Amino acid sequence: MNMRFLTIAALLTVSALVPSSPMGIPPVQAQETTGFQAYLASLRGKARAMGISDATLDNVLPTLTINPRVIELDQSQPGGSFDSPIPDFEPYRVKHVDASRINRGRIAYQANRTKLRTIEQETGVPEAIMVAIYGHETNYGTFTGDFDLIRSLATLAFEGRRRALFEPELLAALKMLDNGVPRSRLIGSWAGATGYPQFLPSVYLRVAKDGNGDGKADIWTNETDALASIANYFVDAGWRRGVPWGIAVTVPSNLNRNAIANRTNAARCPRVFERHSLWKTMAEWRQLGIIPQGSAWPADTVMATLLEPDGQGKAAYLLTSNYRVILDYNCSNFYGLSVGLLADAVDD
């Protein structure tokens, strides 16, 4: 048994087998607690270098404890195999672009039209794309997570398996506190995402935006701020004004797919991008016999890749550089397609 990080059940078992310390704390748990506090103390230099005040550190760090449930959830995440088969997209689409999510999206869309229109005019990010992200991340704000964000991030950083990811997020969360975000707001997923857009703390610090002019970027209770922040994320990731995310198309049965196969290796998310064709202009795709399904062709010069997520003869999409921006939010073709399709349905 790995004695360093134990689940609650394991802790109970160990406590029954070993003598207690004089204070009534099992020795393994006491050692773990001591190591955790020593780790937090070691972060003070990095925190001060970010401008985080000693007052914030003194108020927060001594109150933190390990959350065994967070470690359990992290260690149970499927690692996945590069060679394992990719399931069909259609069952995912049916579940995530369903009538309920579309109808709720239309309600959110209409309720925020004035705000959304202004944000789109300022950023070029379509109103429906903002709403679709909102819908996918938290079902339009109905569930944003209930974990203490700083405790979760401290646990994950200390556990060490992915310290390179979680330690900077812990420091960013402390910076949020130092900037005036109330501790009560820092609630979210076990992995550190928070608010209506489910931003990691570092993302909040980079792109969170005050959408209503009250001087705060409240992504937890203020829809205007959350939607403006989503749009600002997309601008930061390179969204191009006036270019659609993609279009559904019909592919001719005689298309030579070997001639359009992607022969480059992506540095990021290679398994996601290897399924795309090489880039061609819309004019070139049209010359190959590709036909749009119910959508007008984008400008001839717009570049796009072809993706057939369930194989030949089924659903197919031409995807632009703005689709890659959606993937920057969550690098999954299923996620990117479902966001685009939900946005189209909400705006229909």
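How many aromatic pairs does the count come to? The count comes to 16 aromatic pairs, and some of them appear in the close-ups below. Please keep in mind while browsing that this is a predicted model.

**View 1. Y39 and F158 form a tilted aromatic pair.**
A pair of aromatic rings is described by the distance of the centres and the angle of the planes. For Y39 and F158, the distance is 6.1 Å centre to centre, with 45° between the planes. Y39 belongs to helix 2 (residues 27-42) and F158 to helix 10 (residues 149-159), so this pair links distant parts of the chain, 119 residues apart. Are the two residues buried or exposed? Both Y39 and F158 are buried.

**View 2. W245 and Y317 make another tilted pair.**
Here the ring centres are 6.4 Å apart and the planes meet at 40°. W245 sits in the loop between helix 13 (223-236) and strand 3, while Y317 is part of strand 7 (residues 316-319), so the pair ties together parts that are 72 residues apart in sequence. W245 counts as buried, at 5% relative accessibility. Y317 is buried as well, with a relative accessible area of 6%.

**View 3. Five named residues to look for: F199, Y233, F234, W239 and Y329.**
Ring pairs link these residues into a cluster. In a separate close-up, R286 can be found over the face of W297. The distance from R286 to the ring centre is 5.5 Å.

**View 4. Strand 3 pairs with strand 7 and with strand 5.**
Which way do strand 3 and strand 7 run? They run antiparallel, and 4 bridges join them. One place to look is A248, whose bridge partner in strand 7 is Y317, the residue whose ring also pairs with W245. Strand 3 also pairs with strand 5 (residues 291-292), again in the antiparallel sense, over 2 bridges. In that pairing, T250 has I291 of strand 5 as its bridge partner. As a guide for reading such views, in a regular strand the side chains alternate between the two faces of the sheet.

**View 5. C269 and C331 form a disulfide.**
A search of the whole structure finds 1 disulfide. The sulfur atoms of C269 and C331 are 2.1 Å apart. C269 lies in the loop between strand 3 (246-250) and helix 14 (270-273), and C331 in the loop between helix 16 (321-329) and helix 17 (333-346), so the pair ties together parts that are 62 residues apart in sequence. C331 is buried, because its relative accessible area is 19% and buried means under 20%. C269, at 22% relative accessibility, counts as partly exposed.

**View 6. Helix 9 (residues 127-138) is mostly covered.**
This helix has 12 residues and reaches 17 Å from its first C-alpha to its last, close to the 16 Å expected at 1.5 Å a residue. How many of its residues are buried? In helix 9, 11 of the 12 residues are buried, among them E127, M130, Y134, H136 and T138. What covers the buried residues of helix 9 includes helix 6 (89-96), helix 7 (99-111), helix 8 (113-123), helix 13, helix 16 and helix 17. Just after the helix comes N139, whose phi is positive, near 50°.

Key:
Residues are numbered from 1 along each chain as its sequence is written. This is a predicted model: local features need pLDDT of at least 70, side-chain atom pairs count only at pLDDT 80 or more; totals for chains, interfaces and linings use all residues. Side-chain values use heavy atoms; hydrogens and water are left out. A disulfide is a pair of cysteine sulfur atoms within 2.5 Å. Buried means under 20% relative accessible area, exposed over 50%, partly exposed in between (1.4 Å probe, protein chains only). Rings of Phe, Tyr and Trp (its six-membered ring) pair if their centres lie within 6.5 Å; planes under 30 degrees apart count as stacked, over 60 as edge-to-face and the rest as tilted. A charge sits over a ring if NZ of Lys or CZ of Arg is within 6 Å of the ring centre and within 35 degrees of the ring normal. Two strands pair if DSSP finds at least two bridges between them. The expected span of a helix is 1.5 Å times one less than its number of residues. Contact means heavy atoms within 4.5 Å.
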